[in-house]
Amino acid sequence: DILGMIMPIIWGFIIAFILNVPMRGIERIIDKISNKKNEKHKNSKPMNLKLKRGISFSITILLLIVILTIVGIVVVPKMAESVVSIYELIMSKLPWILEKVEVLGIDSTVITEWLNKLDLKELLQTTSAKFLLLCAGENLIGFISYNFTFIPAFDIW
């Protein structure tokens, strides 16, 4: 199981890459603040690199926690509501759908049995549904990470 031994290293690289993007943006902001301070006070020294990285890492972790909390509180319940809404819409249109399937010459009893056995609450609690929600959260984090590099590139701060 070489893959099992390499996966923690790969995950470490992925996490480091994701965290590095907002950290660089925060370091640029700290540099700008530090440079403004140095312009006002001629005798002040530039900020220590280790201190700057520690502050930017701490802020990045706090932002990550805030984002994951917001995703958990706002996005996940809305996605669950959307899944329920789509399921209810499909179930309301089911007679029409089955009619069209039968016109095509397909036996609709298999579809009907499968839909009758489908328990939406159980489906939402399965690993697959959790995986889909996790992927959505990762995409949101990727979007935010992109913006942390995109916005400072325009020197707005």
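This text walks through the fold of the protein first, then its surface.

The model is predicted. Start with the overall fold. The protein holds 5 helices and 0 strands. Follow the chain along its sequence and the pattern reads α-α-α-α-α. Two of these helices matter for the tour below. Helix α1 covers residues 2–40. Helix α2 covers residues 49–103.

Now look at how the chain meets itself. Take the contacts between residues at least 6 apart in sequence. Of these, 72% join residues at least 24 apart.

Next, ask what lies inside and what lies outside. The protein has 157 residues, and 17% of them count as buried. The exposed surface comes to about 12,200 Å². Carbon and sulfur atoms supply 70% of that area.

One part of the surface is a nonpolar patch of about 1,100 Å². Several isoleucines help to make it, including Ile 2, Ile 6, Ile 9 and Ile 10. Met 5, Trp 11, Phe 13 and Phe 17 also belong to the patch. Pick out Phe 13, which sits in helix α1. Is Phe 13 buried or exposed? Its relative accessible area is 60%. Exposed means over 50%, so Phe 13 counts as exposed.

Another patch carries charge. Glu 99, Glu 102, Asp 107 and Glu 113 form a negative patch on the surface. Glu and Asp both count as negative, so the patch is negative too. Find Glu 102 in helix α2.

To recap, the protein has 5 helices, a nonpolar patch that includes Phe 13, and a negative patch that includes Glu 102.

How values were computed
Residues are numbered from 1 along each chain as its sequence is written. This is a predicted model: local features need pLDDT of at least 70, side-chain atom pairs count only at pLDDT 80 or more; totals for chains, interfaces and linings use all residues. Side-chain values use heavy atoms; hydrogens and water are left out. Patches are made of residues with over 30% relative accessible area and no salt bridge: like charges are joined within 9 Å, nonpolar side chains (Val, Leu, Ile, Met, Phe, Trp, Tyr) within 5 Å. Accessible areas come from the Shrake-Rupley method with a 1.4 Å probe; for residues, only the protein chains shown count as cover. A salt bridge is a side-chain nitrogen of Lys or Arg within 4 Å of a carboxyl oxygen of Asp or Glu. The place of a charge is taken as NZ of Lys, CZ of Arg, CG of Asp or CD of Glu. Helices (H or I, at least four residues) and strands (E, at least two) are DSSP runs, numbered from the N terminus. Buried means under 20% relative accessible area, exposed over 50%, partly exposed in between (1.4 Å probe, protein chains only). Contact means heavy atoms within 4.5 Å.
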